[in-house]
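Let's take a friendly look at how a ligand is held and where aromatic rings meet. Here is the structure to keep beside you.

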Amino acid sequence: MSDVLPFFRAWVAHPLRIASVVPSGRALGRLITSQVNPGFGPVLELGAGTGVFTQALVERGIPDSGLVLIEYTPQFARVLQRRYPGAVVICMDAAGLRHVTWRHDQLAGAVISGLPLLSMPPGKVLAILKGAFSRLRSGGGFYQFTYGPRCPVSDKVLDRLGLVSQSIGWVFSNFPPAQVYRLTRR
Ligand SMILES: C[S@@+](CC[C@H](N)C(=O)[O-])C[C@H]1O[C@@H](n2cnc3c(N)ncnc32)[C@H](O)[C@@H]1O
């Protein structure tokens with residue numbers, strides 16, 4: 001796949017930020033987007049990388065004009081904008097979400113996150129979740145994958161924000177195997 005080498009190079013340059021040597025597989029993309037429906041409204045994707053989850057969203061019927069893609073790595077943001085010309089692509093640190101506006105700035109129906117939360121300090125995870133939930137409609141889910149056996153957001157952070165987490169499944173065929181959690185307001 002043509003994204004493998006650029007992804008690997010980005011990981012060599014910034015291992016903690018990229019946090020995986022290869023992009024996620026399509027099966028993980030299908031699972032993490034499986035509860036998102038076109039009627040929910042715009043979808044906010046954090047750490048979109050080269051767009052594996054973005055493509056799964058499009059395949060679920062979300063038009064690219066209904067996508068807001070947040071990506072820190074400039075070369076990935078350029079790839080995303082080229083592939084999804086109707087999407088809003090913002091090259092920024094997702095921790096600053098609360099301070100940015102975009103066209104059609106309406107509440108999202110869901111948030112899909114490929115961010116490496118486990119390699120971030122708790123204060124940053126808190127800022128990202130606060131910002132994301134301030135953009136998410138009531139009842140909406142924040143979907144996060146992890147390679148670990150537990151939710152990558154600590155109980156302390158969940159309690160502080162009034163959130164609960166639930167696993168929606170594993171994808172053992174992914175490299176590495178990955179689990180998806182849904183975070184919702186209590
Ligand atoms: C594990 S990769 C996942 C990429 C893609 N979603 C996938 O699953 O193939 C993590 C992505 O999050 C991006 N990222 C890391 N920290 C970020 C931050 N603070 N704000 C926005 N994007 C970030 C990285 O540049 C990278 O593209």
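The shell around the ligand is made up of twelve nonpolar, five polar and four charged residues; here Ala, Val, Leu, Ile, Met, Phe, Trp, Tyr, Cys and Pro count as nonpolar, Asp, Glu, Lys and Arg as charged, and the others, Gly among them, as polar. This is a predicted model, in which local features need pLDDT of at least 70 and side-chain atom pairs count only at pLDDT 80 or more, while totals for chains, interfaces and linings use all residues. Residues are numbered from 1 along each chain as its sequence is written, and side-chain values use heavy atoms, with hydrogens and water left out.

Of the 21 residues around the ligand (a heavy atom within 4 Å), those that come nearest are I18, S24, E71, T73 and A94. The table lists polar contacts, meaning pairs of N or O atoms within 3.5 Å.

| Ligand atom | Protein partner | Distance |
|---|---|---|
| oxygen | S24, side-chain N or O atom | 2.5 Å |
| nitrogen | G47, polar backbone atom | 2.9 Å |
| nitrogen | A94, polar backbone atom | 2.8 Å |

On its own, the ligand has 590 Å² of accessible area (Shrake-Rupley method, 1.4 Å probe), and the protein covers 97% of that.

Now for the rings. The whole structure holds six aromatic pairs, counted when the ring centres of Phe, Tyr or Trp (its six-membered ring) lie within 6.5 Å. F7 and F76 are stacked because their ring centres are 5.4 Å apart and their planes meet at 15°, where stacked means planes under 30 degrees apart.

Technical notes:
Polar contact = N/O pair within 3.5 Å; in protein donor to acceptor, adjacent residues only side chain to side chain. Phe/Tyr/Trp six-rings, centres within 6.5 Å; stacked < 30°, edge-to-face > 60°.
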